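Here is a friendly walk through one protein model, written with a computational chemist in mind. Have the viewer open and follow along.

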Amino acid sequence: MNFEIDEQQRDFAASIDAALSAADVPAAVRAWGEGDTGPGRKVWAQLTDLGVTALLAPEKYDGIDAHPVDLVVALERLGYWAVPGPVTESIAVAPILLADDERAGGLASGELIATVAMPPQAPRAVNSDFAGLTLLAAEGQVGDATAGAAHDSVDPARKLFDVTASGDTRAADTARAYEFGVLATAAQLVGAGQAVLDQSVEYAKQRTQFGRIIGSYQAIKHKLADVLIAVELARPLVYGAALSLAEGSPDTARDISAAKVAAADAALLAARSALQTHGAIGFTQEHDLSLSLLRVQALRSAWGDPTAHRRRLLEALS
């Protein structure tokens with residue numbers, strides 16, 4: 001049995017990498033954190049051109065209605081490049097909540113970017129000041145919402161907003177939308193962890209200490225190898241969770257929570273190791289590593305923190 005992604009999916013990931021590597025995403029993230037979303041909107045326009053924003057939108061609204069594995073392929077790359085904005089909410093969650101709403105066509109075309117609050121695990125909406133639509137969903141119902149007070153996040157590019165309902169609610173598959181939210185966040189964490197690891201490896205080849213490249217020290221090699229193992233163990237759990245979600249498995253909640261925990265732990269290990277490898281420079285805002293480190297911290301608690309998902313995992317196994 002072959003568990004690898006196919007050639008078309010690899011090409012899709014490569015096309016995302018090619019576009020984002022040329023887009024100066026770090027500059028867009030910094031500008032976003034300072035209130036200028038213009039560069040970030042250009043990044044989102046590129047995602048639309050690649051079909052990323054249409055992945056889960058229904059075909060009847062000109063979406064792709066793609067397999068969850070395709071979503072994971074894309075979101076891992078977006079996590080790698082630390083794309084700013086309500087990535088999980090607009091690309092993975094809103095299309096499920098708006099499955100019978102013509103506004104899903106706006107999501108597919110990139111004309112509409114949405115954010116979502118879904119208490120209790122996602123009580124606030126991220127980037128409501130950027131999104132054209134804010135949704136409030138809970139207990140099988142979804143409705144439009146109005147953004148209220150803004151709250152700073154550990155990641156300056158991810159402001160969180162209180163929301164209040166502003167219209168009638170309608171039935172929606174909020175349980176499935178939540179699982180997609182967790183899956184998409186886990187995929188981004190795997191990508192972010194890989195990005196931090198890659199930056200650490202490159203830096204270890206350049207930095208010298210006591211007259212030697214630090215990458216030649218066994219302690220550094222072992223530390224980075226531990227991170228690689230953690231990321232490589234988390235990745236199949238995320239893809240397995242995508243298959244479980246696609247098949248409607250009774251173990252979907254278990255599989256998705258296991259994926260989120262593993263991805264969060266791997267990304268945190270990558271972040272800690274990166275700081276040790278880089279030294280003091282890793283703490284500076286001028287270094288691009290800081291953007292990924294902050295994103296890891298923000299995504300670890302998004303759509304349920306590790307404690308909540310360990311609890312759900314334990315309940316599923318008991």
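The report below covers annotated domains, a helix pair, the pocket, the cavity and two backbone details.

## Model and annotated domains

Please keep in mind that this is a predicted model. Two domain annotations come from an unreviewed UniProt entry. The record places "Acyl-CoA dehydrogenase/oxidase N-terminal" at residues 7-85, and it gives "Acyl-CoA dehydrogenase/oxidase C-terminal" for residues 183-316.

In the model, residues 7-85 are 62% helix and 0% strand, and the C-alpha atoms at the two ends of this span are 29 Å apart. For residues 183-316 the content is 77% helix and 3% strand, with the end C-alpha atoms 17 Å apart.

## The H4 and H5 pair

How do helices H4 and H5 run relative to each other? Helix H4 spans residues 68-80 and helix H5 spans residues 87-97; their axes come within 12 Å and cross at roughly 175 degrees. An angle over 145 degrees counts as roughly antiparallel, and H4 and H5 are therefore roughly antiparallel to each other.

On the H4 side, the contact is made by Leu71, Leu75 and Leu78, and on the H5 side by Val87, Ile91 and Ala92. Sorted by class, this contact has six nonpolar residues, with no polar and no charged ones.

## The largest pocket

If you are looking for open space, the largest pocket holds about 420 Å³. Its lining has 21 residues, and those closest to the centre are Pro156, Gln285, Ser290, Leu291 and Leu294. By class, the lining divides into 10 nonpolar, six polar and five charged residues.

Which elements give two or more residues to this lining? They are helix H2 (25-33), helix H9 (252-278) and helix H10 (289-301). Helix H10 provides the largest share, with five residues.

## The enclosed cavity

Searching the whole structure turns up one cavity of 30 Å³ or more. The largest cavity contains about 40 Å³ of space. Lining this cavity are Val83, Gly85, Pro86, Val87, Thr88, Glu89, Arg158, Gln188, Arg295 and Leu299.

At least two lining residues come from each of H5 and H10, and H5 has the largest share with three. The class count for the cavity lining is four nonpolar, three polar and three charged residues. Val87 is worth a second look: this residue belongs to the H4 contact on the H5 side and also lines the largest cavity. Helix H10 likewise appears twice, as a contributor to the pocket lining and to the cavity lining.

## Two backbone details

Where in the chain is there a cis peptide bond? It joins proline 119 and proline 120, with omega at about 10 degrees. Proline 120 sits in the loop between strand S1 (114-117) and strand S2 (125-126).

The other detail concerns aspartate 65, whose phi is near 55 degrees, a positive value in a residue other than glycine. You will find aspartate 65 in the loop between helix H3 (38-49) and H4. From there the chain leads back to the helix pair described above, where H4 meets H5 through Leu71, Leu75 and Leu78.

Conventions. Residues are numbered from 1 along each chain as its sequence is written. This is a predicted model: local features need pLDDT of at least 70, side-chain atom pairs count only at pLDDT 80 or more; totals for chains, interfaces and linings use all residues. Side-chain values use heavy atoms; hydrogens and water are left out. UniProt positions are given in the numbering used here, feature names are shortened, and annotations may be inferred rather than shown by experiment. Helices (H or I, at least four residues) and strands (E, at least two) are DSSP runs, numbered from the N terminus. Axes are lines fitted to C-alpha atoms, for helices over the stretch in contact, and angles run from 0 to 180 degrees between N-to-C directions. Angles under 35 degrees count as roughly parallel, over 145 as roughly antiparallel, 65 to 115 as roughly perpendicular and the rest as oblique. Contact means heavy atoms within 4.5 Å. Ala, Val, Leu, Ile, Met, Phe, Trp, Tyr, Cys and Pro count as nonpolar, Asp, Glu, Lys and Arg as charged, and the others, Gly among them, as polar. On a 1 Å grid over the protein atoms alone, a cavity is a set of points where a 1.4 Å probe fits but cannot get out, and a pocket is an open set with protein on both sides within 12 Å along at least five of seven lines; lining residues have an atom within 4 Å of a point. Grid points are joined across faces, edges and corners, and a volume is the space filled by probe spheres set on the points.
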